[in-house]
Amino acid sequence: ARCSAAAAAQGEDSPPQPHSVPLAALGTLLLWFAWFGFNSGSAANAGPPAILAMVNSELAGSAGLFAWAMMDLAYRGHASLLSLCTGAVAGLSIVTPMAGFVNPPEALMAVSAALPLCYGCCDLLLKLQVHEPMHVA
């Protein structure tokens, strides 16, 4: 009953607000840390492909975080901690299929090419009033 009362109090016109931004940031930090093991562990050894996957994961997450913040500044006039988290997860998601197979500049190019598409999809979901918790579309 409390949940439905809180949802009704929010109104239909306002976008859904995050429950706890510090917990979202902590979750993003833990997810980012685990992503290293996922991408590097896919190489099945501790050789050069694993190191390359780890470097590409770090660069993609950082580039996604920075680029998402810049797009938020350009289109909304401000960036929030939640948008930084969203950008980091989007960058990590973009680089995952190629993390151990491309050089770092190519990984950064892939993030810079795909991240605006992710941002546009998230913006479209907000305009359509579709609530998608991670906003990574």
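**Notebook: a predicted model**

**Entry 1, α2 against α3.** I started with the crossing of α2 and α3, which turns out right-handed (the near helix is turned clockwise from the far one by less than a right angle; anticlockwise would make it left-handed). Helix α2 covers residues 21-41 and helix α3 residues 48-76; their axes come within 8 Å and cross at roughly 145°. The axes are lines fitted to C-alpha atoms over the stretch in contact, with angles from 0 to 180 degrees between N-to-C directions. From α2 I noted W32, F36, N39 and S40 in the contact, and from α3 A50, A53, M54, S57, E58, G61, S62 and L65 (contact: heavy atoms within 4.5 Å). Sorted by type, the residues of this contact come to 6 nonpolar, 5 polar and 1 charged. In that sorting Asp, Glu, Lys and Arg are charged, Ala, Val, Leu, Ile, Met, Phe, Trp, Tyr, Cys and Pro are nonpolar, and the others, with Gly, are polar.

**Entry 2, ground rules.** I count residues from 1 along each chain as its sequence is written. The model is predicted, with local features taken at pLDDT of at least 70 and side-chain atom pairs at pLDDT 80 or more, while totals for chains, interfaces and linings use all residues; side-chain values use heavy atoms, without hydrogens and water.

**Entry 3, the whole chain.** I went through the elements from the N terminus and wrote down α-α-α-α-α. That is 5 helices and 0 strands, taken as DSSP runs (H or I for helices, at least four residues; E for strands, at least two). Of the contacts with a separation of 6 or more, 68% join residues 24 or more positions apart. The chain has 137 residues, of which 29% are buried (under 20% relative accessible area; exposed is over 50% and partly exposed in between, with a 1.4 Å probe and protein chains only). I also looked up the exposed surface: about 8,300 Å², with 71% supplied by carbon and sulfur atoms.

**Entry 4, aromatic rings.** How many aromatic pairs does a search of the whole structure find? The search returned 2, where rings of Phe, Tyr and Trp (its six-membered ring) pair with centres within 6.5 Å, and planes under 30 degrees apart are stacked, over 60 edge-to-face and the rest tilted. I opened W68 with Y119, an edge-to-face pair at 5.0 Å centre to centre and 65° between the planes. W68 belongs to helix α3 and Y119 to helix α5 (residues 104-127), so this pair ties together parts 51 residues apart in sequence. Both partners are buried: W68 has 4% relative accessibility and Y119 has 6%. I added Y75 to the page too, as it forms one aromatic cluster with W68 and Y119.

**Entry 5, L26.** L26 sits in helix α2 and is partly exposed at 43% relative accessible area. I checked L26 against C85: 59 residues separate them in sequence, and their C-alpha atoms are 9.4 Å apart.

**Entry 6, N103.** I found N103 in the loop between α4 (81-95) and α5, partly exposed at 46%. Beyond its neighbours within four places in sequence, N103 touches L52 and N56. For N103 and V55, I noted 48 residues in sequence and 9.2 Å from C-alpha to C-alpha.

**Entry 7, Q129.** My last stop was the segment after α5, where Q129 lies. Q129 is not a glycine, but its phi is positive, near 60°. Its relative accessible area of 56% makes Q129 exposed.

Key. Areas by Shrake-Rupley, 256 points an atom, 1.4 Å probe, with all protein chains shown as cover.
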